[in-house]
Amino acid sequence: MARDKIKRNVVVLCPSPLARRAPLEVPDARPPLHAYIVMSLLTGARTEELRALRWEDVELSGQPEANPPVPAHVAVWRSVRKGGDTKTRKSRRTLAPHEQCIDALIEKHARQQRDRADAGDRWREHGLVLVTKVGTPLDPSHMRCTESRSGQSCS
């Protein structure tokens, strides 16, 4: 191979893995931070902006009957930074989310409703989109963690 130091490529001796014929489709297999991941990738919103996102700033269906029609949108105006504003005044923006973002947020809202029912008196309402299983705001460590060593979800 390179510079005649290796006579053969040993990877050729290994069998290649078989591809799955169909993707695994399990409804609850998505990680708790699925909405965060999708929103981050498809909107470019910063972590500190998404952690501060409130349901009141999210319009998933829009207002098609309005004149002119109002599309679905997400207002990214807040941040968990000191003072609560986004990085700069120009950073305030209202985004037209991709269909996958809308689906992820609808799924997140349903999951949050289930978590609220499961938590009962332990639930702490903050109106945030991204919260723990008991409704408390996420801290930066939650954004880096998907599973603890015990196999329990971090959020």
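## How helix α1 sits in the fold

His34, Ala35, Val38, Met39, Leu42 and Thr43 on the α1 side touch Gln100, Cys101, Ala104, Leu105, Glu107 and Lys108 on the α3 side. Sorted by class, that α1–α3 contact holds seven nonpolar, three polar and two charged residues. Keep in mind that this is a predicted model.

Now for the geometry of the pair. Two packed helices are described by the angle between their axes and the distance between the axes. Here α1 covers residues 34-43 and α3 covers residues 99-119, and their axes come within 9 Å and cross at roughly 160°. Since an angle over 145 degrees counts as roughly antiparallel, α1 is roughly antiparallel to α3. As for handedness, α1 passes α3 in a left-handed crossing.

**Around α1**

Is α1 largely enclosed or largely open? Seven of its 10 residues are buried, so α1 is largely enclosed by the rest of the structure. The buried set is His34, Ala35, Tyr36, Val38, Met39, Ser40 and Thr43. And what covers them? The cover includes α3, along with α2 (47-51), β2 (73-76), β3 (93-95) and α4 (140-143). So helices and strands both appear among the elements that cover the buried residues of α1.

Right after α1 comes Gly44, with a positive phi near 80°. For background, most residues other than glycine have a negative phi, and most peptide bonds are trans.

**Just before α1**

Arg30 lies in the segment before α1. With a relative accessible area of 39%, Arg30 is partly exposed. Which residues does Arg30 contact, once its neighbours within four places in sequence are set aside? Those partners are Glu107 and Arg111. Arg30 and Glu107 sit 77 residues apart in sequence, while their C-alpha atoms are 9.9 Å apart in space. Glu107 also turns up among the α3 residues that meet α1.

**The loop between β1 and β2**

Moving along the chain, Pro68 is in the loop between β1 (58-59) and β2. Where is the cis peptide bond? The bond from Asn67 to Pro68 is the cis one, with omega near 0°.

Val70 is found in the loop between β1 and β2 too. Val70 is partly exposed, its relative accessible area being 29%. Leaving out residues up to four places away in sequence, Val70 touches Gly62, Gln63 and Pro64. Val70 can also be placed relative to Glu59, a residue 11 positions away along the chain, with 9.5 Å between the two C-alpha atoms.

Here are the two C-alpha pairs together:

| Pair | Separation in sequence | C-alpha to C-alpha distance |
|---|---|---|
| Arg30 and Glu107 | 77 residues | 9.9 Å |
| Val70 and Glu59 | 11 residues | 9.5 Å |

**The whole chain**

Stepping back, the protein chain has four helices and three strands. Read along the sequence, they follow the pattern α-α-β-β-β-α-α. Of the 155 residues in the chain, 31% are buried. Looking at contacts with a separation of 6 or more, 47% join residues that are 24 or more positions apart. The accessible surface of the chain comes to about 11200 Å², and carbon and sulfur atoms account for 53% of that surface.

Conventions: Residues numbered from 1 in each chain as written. Predicted model: local features only at pLDDT ≥ 70, side-chain atom pairs only at ≥ 80, totals over all residues. Heavy atoms only, no water. Axes fitted to C-alpha atoms, helices over the stretch in contact; angles between N-to-C directions. Helix = DSSP H or I, 4+ residues; strand = E, 2+ residues; numbered from the N terminus. Parallel < 35°, antiparallel > 145°, perpendicular 65-115°, else oblique. Left-handed = near helix turned anticlockwise from the far one by under 90°. Contact = heavy atoms within 4.5 Å. Nonpolar A, V, L, I, M, F, W, Y, C, P; charged D, E, K, R; others polar. Buried < 20%, exposed > 50% of the residue type's maximum accessible area, 1.4 Å probe, protein only. Areas by Shrake-Rupley, 256 points an atom, 1.4 Å probe, with all protein chains shown as cover.
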